[in-house]
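This report introduces a structure to a reader who has not met it before. Please keep the sequence and the three-dimensional view at hand while reading.

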Amino acid sequence: MNELIKKIGDIIKKQNSFLIVSHKNPDGDAVGSSLALYSLLGEMGKKVYVENPTDVPQLYMFLEDYDKIKPIKNDKDIDVVIAVDTAELDRCGIQKDYVEDKIFINIDHHKTNTLFGEINLINADAAAVGCILWDLFKQNGFEISKKTSQYLYLSILTDTGSFRYSSTSPKTMRIAADLLERGVEPWFIAYNIYESNRFKTLKLLGLVLGTLETYYDGKLAVEYVTQDMFEKTNTSAEDTEGFVNFARSVRGAEVGVLLREDGPNLFKISMRSKDKVDVTIAASAFGGGGHKNAAGGQIEGTLNEAKSKIVEAFSFLS
Ligand code: 5GP
Ligand code: MN
C-alpha cells in the first residue's frame with residue numbers, strides 16, 4: 001500500500017474529530033468529495049464537520065447532507081482538518097494559525113497544488129478527488145456505504161464531464177463500476193445534475209450564448225455574463241455552472257472562455273481546452289490555476305479590457 005495512504009488511514013482510525021473543507025464556489029468534485037468524507041467518517045462514529053467559504057449551489061440541494069455544509073468559521077475544536085479539491089490554501093478559507101495545533105491533510109488532484117498541508121496526498125493523474133478518496137477508503141479497509149458511494153460518484157461524474165474527458169481511465173471506470181455495485185443509481189444523480197435545469201438558468205444561458213465570439217480562425221471562443229444579465233433573469237453566478245463548456249464546444253475551437261462579471265471592473269475567468277492547449281498557463285498569468293484542460297482566474301478592468309487580455313493571452317493560437 002502507498003505509504004501516504006496508510007498514514008492518512010491510521011490518522012483517520014486514531015483521531016476522533018474532523019473538519020472537512022473544500023474550495024469556494026464548490027463544484028461537483030468539491031461537494032462530492034467533502035460529503036463522501038463527511039459520510040464515511042460519520043459512519044465510523046467520528047465527530048465530523050463540513051464547511052465551505054461560500055454558499056453551496058442549489059444544484060446540489062438534492063443531496064441528503066446538503067445542509068450539513070456550513071460557512072467556514074476556523075473555530076471548531078477538532079483533531080484533524082482535511083482539505084479536498086483545493087489547490088491553494090486561501091481558496092478553502094482555512095487560516096494558518098487555526099491549523100497550527102491540528103493535523104492538516106491536503107487531498108487533491110490539481111497539478112498546481114501548492115502543498116500547503118502538513119500531509120499532502122496529491123495525484124494529478126486522478127480524474128477527480130473522489131478517485132483518490134476511493135483508493136484511500138479501499139486500501140485502508142473502510143466500509144464504503146451506498147451514501148458515501150453516491151458522493152464519490154457525483155465527484156467523479158462531474159469532474160470527468162460524465163466520463164468524457166481524457167482524464168477518464170480504465171481505473172476511473174472500474175471505480176465507477178464498484179460504486180454502482182454499492183447501490184449508486186446513475187440516473188438519480190444524472191437527473192438531478194443535468195436534467196433539472198431551472199427555467200431561468202436556461203434563459204440566462206440564452207443571453208450568454210448571444211455574446212459568443214470567436215478569434216484566431218475560430219480556435220478561441222469567448223462568451224460573457226454580466227450583472228445586468230443576472231438581474232434580468234433573476235439568477236446569480238451559481239447559475240453559470242457548465243456554461244463555459246458551450247464556448248469550448250464550438251466546432252474547431254481549441255479553447256473556450258467564459259468571462260463572469262463578479263463586481264465593478266472585476267471578472268472571473270473560466271477557461272476550458274479540448275486537448276493540446278494547457279490553460280493553466282493563462283490561468284497563472286491571471287492569478288489563478290487549475291488543470292490542463294480546465295482552469296480559472298480573475299481579471300480587473302472593464303469588459304472590453306478583460307476580453308482584450310484574454311484574446312492576447314491566447315495569441316499563440318493565431
Ligand atoms: P472553474 O472555471 O470551473 O471555476 O474552474 C476550473 C478549474 O480551475 C477548477 O479546477 C478550479 O479549482 C480551478 N480554478 C478556477 N479558478 C481558480 C482560481 O482563481 N485559482 C485557482 N488556483 N484555481 C482556480
Ligand atoms: Mn476536482
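In what order do the 6 strands of the open sheet stand, and is their pairing parallel or antiparallel? In this predicted model, the order is β3-β2-β1-β4-β5-β6, and the strands pair in the parallel sense. Strands β3 (69-71) and β6 (119-122) form the edges, each pairing on one side only. From one strand to the next, the twist averages 25°.

Within this sheet, β1 (residues 17-22) and β4 (residues 80-84) are joined in parallel over 5 bridges. In that region Ser 22 is found opposite Val 84 of β4.

Two helices lie across the sheet, each over its own set of strands. Helix α1 (residues 3-14) lies across β1, β4, β5 (103-108) and β6, and its direction makes an angle of about 125° with β6. Helix α2 (residues 28-43) lies across β1, β2 (47-52), β3 and β4, and runs at about 170° to β1.

The next topic is the ligand. Around ligand 1 there are 15 residues, of which Glu 88, His 110, Lys 268, Ser 270 and Arg 272 come nearest. The table lists three side chains with a polar atom at a stated distance from an atom of ligand 1.

| Residue | Atom of ligand 1 | Distance to a polar side-chain atom |
|---|---|---|
| Glu 88 | nitrogen | 2.6 Å |
| His 291 | oxygen | 3.3 Å |
| Gln 298 | oxygen | 3.4 Å |

His 291 also appears in the surroundings of another residue, Thr 280. Thr 280 belongs to helix α11 (residues 280-285). Leaving aside residues up to four places away in sequence, Thr 280 touches Lys 111, Thr 112, Gly 290, His 291, Lys 292 and Ala 295. Is Thr 280 buried or exposed? Thr 280 counts as buried because its relative accessibility is 5%, which falls under the 20% limit.

The cysteines complete the account. How many disulfides does the structure hold? The number is 0. Cys 92 is buried, with a relative accessible area of 0%. Cys 131 is likewise buried, at 7%. Both values lie under 20%, and therefore each of these cysteines is classed as buried.

In summary, the predicted model has an open parallel sheet of 6 strands, with helix α1 lying across β1, β4, β5 and β6 and helix α2 across β1, β2, β3 and β4. Among the residues that come nearest to ligand 1 is Glu 88, with a polar side-chain atom 2.6 Å from a ligand nitrogen.

Technical notes. Residues numbered from 1 in each chain as written. Chains lettered and ligands numbered in written order. Predicted model: local features only at pLDDT ≥ 70, side-chain atom pairs only at ≥ 80, totals over all residues. Heavy atoms only, no water. Disulfide = S-S within 2.5 Å. Buried < 20%, exposed > 50% of the residue type's maximum accessible area, 1.4 Å probe, protein only. Pairing = 2+ DSSP bridges. Helix = DSSP H or I, 4+ residues; strand = E, 2+ residues; numbered from the N terminus. Axes fitted to C-alpha atoms, helices over the stretch in contact; angles between N-to-C directions. Contact = heavy atoms within 4.5 Å. Near = heavy atom within 4 Å. Polar contact = N/O pair within 3.5 Å; in protein donor to acceptor, adjacent residues only side chain to side chain.
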